[in-house]
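Visitor: I would like to learn how to read the sheets and the ligand site of a model. Could we take one feature at a time?

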Amino acid sequence: MSTFQNCIDGAWVDAATGDTFTSTNPADTTDTIGTFPASGAADVDRAVAAARAALPDWRATPAPQRGTILRRIGDLLTERKAALAQAMTREMGKTVAETKGDVQEAIDTAYYAASETRRLFGHTVPSELPDKFNMAIRRPVGVCGIITAWNFPVAVPTWKIFPALAAGNTMVYKPSEESPHCGVLLVEILHDAGVPDGVINLVHGGGPAGQHLVAHDDVDAISFTGSSETGKAIGEVCGRTNKRVSLEMGGKNPMIVMDDADLDLALEGVLWGAFGTTGQRCTATSRLILHEAIHDTFVDMLTEAAQALTLGDGRTDGIDVGPLINEGALQKVQHYVAVGQEEGATLALGGSRVTGDGRDNGFFFAPTVFTDVTPAMTIAQEEIFGPVLSVFKVSSYEEAVDVANNTRYGLSSSIYTENVRHSFRAMHDLEAGITYVNGPTIGAEAHMPFGGVKETGNGHRDGGWTVFDFFTEWKTVYVDFSGELQKAQMDNVDD
Ligand code: UN1
């Protein structure tokens, strides 16, 4: 069995705790990927100290030179894409087509962040006084803690790490305990591309490592993607310790299909949105809101097509859906299926674990569809993070929007319609950070803002130009070249 380590100040080291945990293949739990350090406070302290020590030089490096390294990272991700995708699927289960997409998202993010290093625009603004120059420039925030989930084990960390690097920050990265090998492979690429020692430090582990990083006095910012429960706890600690914090949390994303929609297109969309990544995306389509005129037809189309999806090891050709991530996820999905039935929803498809054909040692769960779901039901409100789709029947656009917005989350949303009035109204009416028209709720692009409203987020965005607002501080600069003391608000105003 392979043994993996933390990476602190460029050196691969064991945890001071001496403890380890293992990572296994969710499609076959007899396949162990390796052991990883279960880090504690002392390991985080060392990593934060290394990041702090590396900050002055990295911050002083001209941004376009940081961009050259980011371009090299993009090149290495491209070279290693196929091998990386195989390793990712082995560790977290989604199909190789999807893990290749995950790596491609990281490649796009690398080149986008590299291009931003030649912009990072500030502002020049007229002064109210003569011979005085005003500007606002961007400065790095400092030492950042990056804490991410396992479902996009390469793309999502890079949404944070690459813009943070571009802007001149140093960091400590704690990947999920469910995808530590992917974390190692990513950090190896960063080092091979020339990121200096200490600029990115990798610390493995679970709660103890994460909690110490979040509470650490010498960490300036935390960027987190994961569950709402963990995110809110992080937010509280960051509030107390006065840290900047970006939280990307849960979703309960609706897709509306109106009576005038292209149903074949909507069918392809919902299959991909609900069952891609086995429903384990924060953007997954988990609520399908159907106009009553097409409800029965569409439910028939959906159950027939979903039944035909093939489940298995995502590294095998022809597999559509991989396993859930672990035993806990399997139990959670099973629990929600039971609750859905108890509360009166109709189980139209699936609802159980799938074994046989080499799947006995994996966490496979059948694509599941509930109909007759109403907004008050538990399966209509809680994030299941599995291949479970709840179907609602509505009689108008207004009712569809009411049902769509009847959730405490607000990440992604979608409407299928050929009606230009409804599609433009939906862009404003749907309470979500992202709205797709005639596309499913998944499919974010690297150069666009990504994030949610309500309990999904805390006002920040990953992705696009907007993430640079998180990873930089505004510095306001006044240059007085008059040779005199000029008093704003006084010398230039007659009483
Ligand atoms: C996530 O599930 O945390 O738009 C991110 C999408 C992907 C990203 C999902 N590109 O579904």
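Visitor: What is the strand order in the open sheet of three strands, and is the pairing parallel or antiparallel?

Guide: Strands of a sheet pair through backbone hydrogen bonds, and the two senses are parallel and antiparallel. Note that this model is predicted. Here the three strands follow the order β5-β6-β19, and their pairing is antiparallel. β5 (123–126) and β19 (472–480) are the edge strands, each pairing on one side only. From one strand to the next, the twist averages 25°.

Visitor: How many bridges link β5 and β6?

Guide: Four bridges pair β5 with β6 (residues 132–140) in the antiparallel sense. Two partners in β6 can be read off: Phe133 is the bridge partner of Pro126, and Asn134 is that of Val125.

Visitor: Which residue in the hairpin of β5 and β6 takes a positive phi?

Guide: Asp131 does, with a phi near 50°; the hairpin has five residues between the strands.

Visitor: How many bridges join β6 to β19?

Guide: Nine bridges do, and the two strands run antiparallel. As a point of reference, Arg138 stands opposite Trp474 in β19.

Visitor: Now the open sheet of seven strands: what is its order?

Guide: The order is β14-β15-β16-β13-β12-β17-β18, and the pairing is mixed. Its edge strands, each paired on one side only, are β14 (346–349) and β18 (434–437). The twist in this sheet averages 25° from one strand to the next.

Visitor: In which sense do β13 and β16 run?

Guide: β13 (residues 285–291) and β16 (residues 388–394) run parallel and are joined by five bridges. One pair to look up is Leu288 with its bridge partner Val391 in β16.

Visitor: Let us turn to the ligand. Which residues are around the ligand?

Guide: Glu105, Asn151, Phe152, Trp159, Arg281, Cys282, Thr283, Ile442, Gly443 and Ala444 are around it. By class, this shell holds five nonpolar, three polar and two charged residues.

Visitor: Which ligand atom lies 3.1 Å from a polar side-chain atom of Glu105?

Guide: That is a nitrogen atom of the ligand. Backbone atoms also take part in the polar contacts: a polar backbone atom of Cys282 is 2.9 Å from a ligand oxygen atom, and a backbone N or O atom of Gly443 lies 2.9 Å from an oxygen atom of the ligand. On its own the ligand has 320 Å² of accessible area, and the protein covers 97% of that.

Visitor: Why is the ligand said to lie between domain 1 and domain 2?

Guide: The ligand lies between them because both domains give residues to the shell around it. Domain 1 comprises 2–249 + 457–477, and domain 2 comprises 253–437.

How values were computed. Residues numbered from 1 in each chain as written. Predicted model: local features only at pLDDT ≥ 70, side-chain atom pairs only at ≥ 80, totals over all residues. Heavy atoms only, no water. Pairing = 2+ DSSP bridges. Axes fitted to C-alpha atoms, helices over the stretch in contact; angles between N-to-C directions. Near = heavy atom within 4 Å. Polar contact = N/O pair within 3.5 Å; in protein donor to acceptor, adjacent residues only side chain to side chain. Areas by Shrake-Rupley, 256 points an atom, 1.4 Å probe, with all protein chains shown as cover. Nonpolar A, V, L, I, M, F, W, Y, C, P; charged D, E, K, R; others polar. Domains from an automatic or database assignment.
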